[in-house]
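The turns below go through the reasons behind several labels that can be attached to a model of a protein chain. Each answer sets a value against the rule that it has to meet.

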Amino acid sequence: MPAASEMALISNALAAYTFIADHPERAALYFVCGVCLGLVLTLFALVVQISCRTDCKSRPSKSGAEQVETNGDSSESDSDWETTSDLSARRHRRFERTLHTNVFTSAEELERAQRLEERERIIREIWMNGQPEFPGTRSLNRYY
């Protein structure tokens, strides 16, 4: 004679089957919502993990001697993390390096870049001023 828990399991399985058979669209919607929620939670966990890891690595030490010691210890303990391809951390380090280096090697290139920026600003102003103004768009909301 089966136990009560086994009967409850069979009863619940039959109830789930009849619900899916009666409402296939609703069952598919619940399934897709569950998968999407799982993906969003996984993405959130990965973003938090990567941001915390990069924040912890970028904290400066108290002195240069302590920094050398801690870097030696951390390279041994985090060797498995260093081998994985953490693209966002690499891009962040590359961005910090480009901030400290001179991008333009000559005054000619610098002048050309400034003229290009000025030209883009003028084109943007012309485009913004050339847009037609619709009478109802100015006061859609009084509080803004």
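Q: What makes a residue buried, exposed or partly exposed?
A: A residue is called buried under 20% relative accessible area and exposed over 50%, with partly exposed in between. The model discussed here is a predicted one.

Q: Why is E118 called partly exposed?
A: The relative accessibility of E118 is 36%, and since partly exposed covers what is in between 20% and 50%, E118 counts as partly exposed.

Q: What makes the contact of E118 and R121 a salt bridge?
A: The rule asks for a side-chain nitrogen of Lys or Arg within 4 Å of a carboxyl oxygen of Asp or Glu. The side chains of E118 and R121 meet with 2.4 Å from N to O, so this pair satisfies the rule for a salt bridge. In sequence the two residues are three apart in helix 6, which means that about one helical turn separates them.

Q: How do you know which class of exposure R121 and E125 belong to?
A: R121 has 34% relative accessibility and E125 has 41%, and because the class in between 20% and 50% is partly exposed, R121 counts as partly exposed, as does E125.

Q: What joins E118, R121 and E125 into one network?
A: R121 meets E118 in a salt bridge, and the side chains of R121 and E125 also meet in a salt bridge, at 2.5 Å from N to O. R121 and E125 both lie in helix 6, four residues apart, about one turn of the helix. Salt bridges that share partners join E118, R121 and E125 into one network.

Q: How do you know that R112 and E108 form a salt bridge, and where do they lie?
A: The N to O distance between the side chains of R112 and E108 is 3.4 Å, and because the limit is within 4 Å, the pair counts as a salt bridge. Both residues lie in helix 6 (residues 107-129), four residues apart. By the rule for such contacts, the count comes to three salt bridges.

Q: Why is E108 called exposed, and what is R112 called?
A: E108 has 56% relative accessibility, and because exposed means over 50%, E108 counts as exposed. R112, at 47% relative accessibility, counts as partly exposed.

Q: Why is the pair of F19 and Y30 called stacked?
A: One aromatic pair is counted. In that pair, the ring centres of F19 and Y30 are 6.5 Å apart and the planes are at 10°, and because planes under 30 degrees apart count as stacked, the pair is stacked.

Q: What does the pair of F19 and Y30 tie together?
A: F19 lies in helix 1 (residues 4-22) and Y30 in helix 2 (residues 24-57), so the pair ties together parts that are eleven residues apart in sequence. F19 is partly exposed, with a relative accessible area of 31%, whereas Y30 counts as exposed at 52% relative accessibility.

Q: What makes V35 eligible for a patch on the surface?
A: Patches take residues with over 30% relative accessible area and no salt bridge. V35, which is found in helix 2, has 40% relative accessibility and counts as partly exposed, so its area is over that limit. Together with F31, V32 and L39, V35 forms a nonpolar patch with about 410 Å² of accessible area.

Q: Which residues form the positive surface patch, and why is it called positive?
A: R90, R91, R93 and R94 form the patch, and it is called positive because Arg counts as positive. One of these residues, R94, is found in helix 5 (residues 87-100).

Key:
Residues numbered from 1 in each chain as written. Predicted model: local features only at pLDDT ≥ 70, side-chain atom pairs only at ≥ 80, totals over all residues. Heavy atoms only, no water. Phe/Tyr/Trp six-rings, centres within 6.5 Å; stacked < 30°, edge-to-face > 60°. Buried < 20%, exposed > 50% of the residue type's maximum accessible area, 1.4 Å probe, protein only. Patch = residues over 30% accessible without salt bridge, like charges linked within 9 Å, V, L, I, M, F, W, Y side chains within 5 Å. Areas by Shrake-Rupley, 256 points an atom, 1.4 Å probe, with all protein chains shown as cover. Charge placed at Lys NZ, Arg CZ, Asp CG, Glu CD.
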